[in-house]
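Hi,

Here is the structure I said I'd pass on, with some notes on its internal cavities underneath. Have a look at it first, then read on.

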Amino acid sequence: MPLSQNFINHVRIPENNDWVIFILTGCIFLYVFMMNIIERDASLKDFLLQKYFDASNNLPSWMITSCVTALTLSVLLSQYIPIVPKYIADLQLMGYQLNKFGYTLLAVIFFYVTKSALGFLFYQSIGDGKKWTIFYFTSTKFYFILSFLLIILCVTHYYFPVDRNKMFLYYISFFVFVAVFKIFFYLFHKNNILPEKWYYKFLYICTLQIAPLLLLWKLLFF
């Protein structure tokens, strides 16, 4: 009897990350559907290098790419969220409440929808509404590549023995680099997707690139 009281269970219960595989598999299927049906069996090279006037179904491709980016970004960031805010956790639907992934996904969707709506209004307000379609066509290529990098990071994060605390610093550096690179990508792209006048470019970068990122950071980590 005393021996049973001193027994120590060394069995380790592994973390269940099946939900990550389900989400990433769904993202891959979305891209397969997009490339085979929406883009009409376009190759990866043709999709990335196609010109605006030769492309079709730009809006569905943009929406699918945005969904995949939002999902993969939420999968990666959700493990670092300190807590789900009480006013969100208290909201229940049929007895269910949002966990960290659900809250992160909700915040990221709010971020993208708000930024896209403000971007559309921005181009309309300066009388350059036609350039908006060229803008989201071009940004689709950027986010398409970014989403694949996020998928690789998600697989590494959840299925390889990495120090997640140390990796968080690398993630921050990665996202800062991506944010800076995206600004230069938009500024110097051959499609001239930003307004011609320099003060409109400055206004767009400050209000629709930098400010939304700060808001997302505040929603997730404060």
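For the residue classes below, Ala, Val, Leu, Ile, Met, Phe, Trp, Tyr, Cys and Pro count as nonpolar, Asp, Glu, Lys and Arg as charged, and the rest, Gly included, as polar. Also keep in mind that this is a predicted model.

With those classes, the lining of the second largest cavity comes out as 2 nonpolar, 5 polar and 2 charged residues. The residues in question are E39, F47, Q50, N57, N58, S61, F137, T140 and K141. Two elements, α4 and α7, give two or more residues each to that lining, and α7 has the largest share of it, with 3 residues. The space inside the second largest cavity is about 40 Å³.

Now for the other one. The whole-structure search turned up 2 cavities of 30 Å³ or more, and the largest has a volume of about 160 Å³. Its lining is made up of 15 residues, with W62, K115, S116, F135 and Y143 lying nearest the centre. By class, the lining of the largest cavity splits into 8 nonpolar, 6 polar and 1 charged.

Which helices supply at least two residues each to the lining of the largest cavity? They are α4 (58–77), α6 (100–125), α7 (130–159) and α9 (198–221). Here α7 gives the most, with 5 residues. So if you want one element to start from, α7 has the largest share of the lining in the second largest cavity and gives the most in the largest cavity, too, going by DSSP helix runs.

Cheers

Technical notes:
Residues numbered from 1 in each chain as written. Predicted model: local features only at pLDDT ≥ 70, side-chain atom pairs only at ≥ 80, totals over all residues. Heavy atoms only, no water. 1 Å grid on protein atoms, 1.4 Å probe; cavity = no way out; pocket = protein on both sides within 12 Å on 5 of 7 lines; lining within 4 Å. Points joined across faces, edges and corners; volume = space filled by probe spheres on them. Helix = DSSP H or I, 4+ residues; strand = E, 2+ residues; numbered from the N terminus.
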